[in-house]
Amino acid sequence: MPKLGVRVRRSLVAARRRVREGLMLAKGLRSTDHPVLAHIVPTRRCNLSCTYCNEFDDFSKPVPAAEMSRRIDLLADLGTSIIAFSGGEPLLHPSSTT
């Protein structure tokens, strides 16, 4: 059984997470003029081939870095609360090698 200090810290972290989730939900309900969550997929390429992954493909072209930056700026201008990055391995993006 974890010590009291560890349990208290975990409880505080969990409470903080719930407060952040509640604030995000309140912001989404208060103003429906903006996206709450957006997923960015800079590349779908990956050097692994995990059987559970549905993001991998080796034929899609990666989005150019300038276009990706433009899209992120647009999401910021729209007031997006959360921007999540997913997809393949980001270091395989052509702009990461320059």
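Select T43. This residue counts as buried, at 3% relative accessibility. The cut-off for buried is under 20% relative accessible area, so T43 falls within that class. Keep in mind that you are looking at a predicted model.

T43 sits in the loop between β1 and α2. Now show what surrounds T43. Leaving out residues up to four places away in sequence, T43 touches P62, G87, G88, E89, P90 and H93. Display those six side by side with T43 if you want to see what covers this loop residue.

**Zoom out: the whole chain**

Colour by secondary structure. The protein chain holds two helices and two strands. Read from the N terminus, the order is α-β-α-β. The radius of gyration is 19 Å, well over the 13 Å that the globule rule gives for 98 residues, so the chain is more spread out than a compact globule. Turn the C-alpha trace about its principal axes. The trace spans about 50 × 40 × 25 Å.

Switch on the surface. The accessible surface of the protein chain comes to about 7800 Å². Carbon and sulfur atoms account for 60% of that area. Buried residues, T43 being one of them, make up 14% of the 98 residues.

Next, think about contacts. Take those in the chain with a separation of 6 or more. Of these, 72% are between residues 24 or more positions apart.

**Helix α1 and its surface patch**

Select residues 4-30. This is helix α1, and L12 is in it. Which residues join L12 in a nonpolar patch on the surface? They are L4 and V8. Together the three have about 300 Å² of accessible area. Look at L12 by itself too. L12 is exposed, with a relative accessible area of 58%.

Step on to S31. You are now in the loop between α1 and β1, the strand at 37-40. S31 is partly exposed, at 27% relative accessible area. Draw a distance from the C-alpha of S31 to the C-alpha of R70. The two residues are 39 apart along the chain, and the distance is 24 Å. R70 is also a good place to go next.

**Helix α2 and its salt bridges**

Select residues 65-78 for helix α2. There are 14 residues here. From the first C-alpha to the last, the helix reaches 20 Å, close to the 20 Å expected at 1.5 Å a residue.

Show the side chains of E67, R70 and R71. How many salt bridges does a search of the whole structure find? It finds two. Both can be seen with these side chains on display: E67 with R70, and R71 with E67. In the pair of E67 and R70, the closest N and O atoms are 2.8 Å apart. For R71 and E67, the N to O distance is 3.0 Å. The three residues E67, R70 and R71 are thus linked in a network of salt bridges.

Why can these side chains reach each other along the helix? E67 and R70 are three residues apart in α2, so about one helical turn separates them. R71 and E67 are four residues apart in α2, which again means about one helical turn. An α-helix has 3.6 residues a turn, so residues three or four places apart point the same way. Side chains of opposite charge can pair when their charged atoms come close.

Are the members of this network buried, exposed or partly exposed? E67 is partly exposed, with a relative accessible area of 25%. R70 is partly exposed at 46%. R71 is partly exposed at 38%.

**Just past α2: G79**

Go to G79, which follows α2. Check the backbone here. The phi of G79 is positive, near 85°. G79 lies in the loop between α2 and β2, the strand at 82-85. At 27% relative accessibility, G79 counts as partly exposed.

What does G79 contact, leaving aside neighbours within four places in sequence? Select K27, H34 and P35.

For a last stop, draw a line from the C-alpha of G79 to the C-alpha of L91. These residues are 12 apart along the chain, and their C-alpha atoms are separated by 28 Å.

Terms used:
Residues are numbered from 1 along each chain as its sequence is written. This is a predicted model: local features need pLDDT of at least 70, side-chain atom pairs count only at pLDDT 80 or more; totals for chains, interfaces and linings use all residues. Side-chain values use heavy atoms; hydrogens and water are left out. Patches are made of residues with over 30% relative accessible area and no salt bridge: like charges are joined within 9 Å, nonpolar side chains (Val, Leu, Ile, Met, Phe, Trp, Tyr) within 5 Å. Accessible areas come from the Shrake-Rupley method with a 1.4 Å probe; for residues, only the protein chains shown count as cover. A salt bridge is a side-chain nitrogen of Lys or Arg within 4 Å of a carboxyl oxygen of Asp or Glu. Buried means under 20% relative accessible area, exposed over 50%, partly exposed in between (1.4 Å probe, protein chains only). The expected span of a helix is 1.5 Å times one less than its number of residues. The radius of gyration is taken over C-alpha atoms; the globule rule is 2.2 Å times the number of residues to the power 0.38. Contact means heavy atoms within 4.5 Å.
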